[in-house]
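Q: Please take a close look at a single part of this structure and describe it step by step for a first-year student.

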Amino acid sequence: MPGQKVDTKSRTTVRNLRIREDTAKYLRNLDLDSAYYDPKTRSMRENPYMGKDPKEVDYAGDNFTRTTGDVPSMSKVALFSWEANERGNLNIHLQANPTQTTLMGKEVEKKMQKLKESTKNAILAKYGGEQHFVKPPEGLLTQDEHYIEYSRTGKVIKGQERAVPKSKYEEDVYHNNHTSVWGSWWHDGRWGYKCCHQQLKNAYCTRSV
């Protein structure tokens, strides 16, 4: 069998701690600045392949292994068993009866989901607000590195306030006594002033309208 060593002198079979076909953890990356390998516990917590996606390599460290597969679900079941024992339910025990504990945990989780949904529906039926659950369009809530910190009065404490984009043309400049800009009024295919309805750009405002 792989992983076993037969001693012909003593006629005994010794089981190795590691299958020799597997690559040792400390041989995956020989760089001195790579992940630390603990020879006493034979553990390597960090990813030895730094800069690579953990899902693309065959080994990404012991910490990554603890968060993949059935480990998170078993942690939830263990937490459910501990909480049940604290409440006085001594019939639920993960080591003594793991199947019953797992089924009870799933049943309790389903009931909690139904309770949350019923509470949510009751609040929405009473107060409304379904429009707030609509997902905003992609790109609306994007983040950037521009950091600004404000005080209680709205004054900028840290960072620089974002400048309002302006056109290369002058804005809100009124000429010849006008109270509106040129192009604020349209009539018969021609532009004019909204304040006096004159269609000559250099005309003086009489405010007759």
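A: Being four residues apart in helix 3, Glu 107 and Lys 111 are separated by about one helical turn, and in this predicted model their side chains meet in a salt bridge, with 3.7 Å from N to O. Side chains of opposite charge can pair when their charged atoms come close. As for their surroundings, Glu 107 counts as partly exposed, at 40% relative accessibility, whereas Lys 111, at 54%, counts as exposed.

The helix that carries this pair runs over residues 98-127, and its 30 residues should span 44 Å at 1.5 Å a residue; the C-alpha atoms at its two ends are 43 Å apart, which agrees with that expectation. Thr 101, Gly 105 and Leu 124 are the buried residues of helix 3, and the partner against which these buried residues pack is helix 2, residues 71-86. Just after helix 3 comes Gly 128, which takes a positive phi of about 80°.

To place the helix in the whole, it helps to step back to the chain. The protein chain has three helices and six strands, and read along the sequence they follow the pattern β-β-α-α-α-β-β-β-β. Of the 209 residues in the chain, 17% are buried, and among contacts with a separation of 6 or more, 13% are made by residues 24 or more positions apart.

The pair in helix 3 can also be set beside the other charged pairs, since the structure holds three salt bridges. Another of them joins the side chains of Arg 87 and Glu 83, at 3.9 Å from N to O; here Arg 87 is exposed, with a relative accessible area of 64%, while Glu 83 is partly exposed, with 33%. A further salt bridge brings together the side chains of Asp 62 and Lys 25, at 3.3 Å from N to O. Asp 62 lies in helix 1 and Lys 25 in the loop between strand 2 and helix 1, so this pair ties together parts that are 37 residues apart in sequence. Asp 62 is buried, with a relative accessible area of 14%, and Lys 25 is partly exposed, with 24%.

A last charged residue offers a contrast to these pairs. Asp 38, in the loop between strand 2 (12-15) and helix 1 (62-66), is buried yet has no salt bridge, and the nearest side chain of opposite charge, that of Arg 45, is 5.0 Å away. The side chain of Asp 38 does, however, make a polar contact with the side chain of Thr 41, at 2.9 Å.

Terms used
Residues are numbered from 1 along each chain as its sequence is written. This is a predicted model: local features need pLDDT of at least 70, side-chain atom pairs count only at pLDDT 80 or more; totals for chains, interfaces and linings use all residues. Side-chain values use heavy atoms; hydrogens and water are left out. The expected span of a helix is 1.5 Å times one less than its number of residues. Buried means under 20% relative accessible area, exposed over 50%, partly exposed in between (1.4 Å probe, protein chains only). Contact means heavy atoms within 4.5 Å. Lys and Arg count as positive and Asp and Glu as negative; His and the chain ends are not counted. A salt bridge is a side-chain nitrogen of Lys or Arg within 4 Å of a carboxyl oxygen of Asp or Glu. A polar contact is a pair of N or O atoms within 3.5 Å; within protein, one must be able to donate a hydrogen and the other to accept it, and residues adjacent in sequence count only if both atoms are side-chain atoms.
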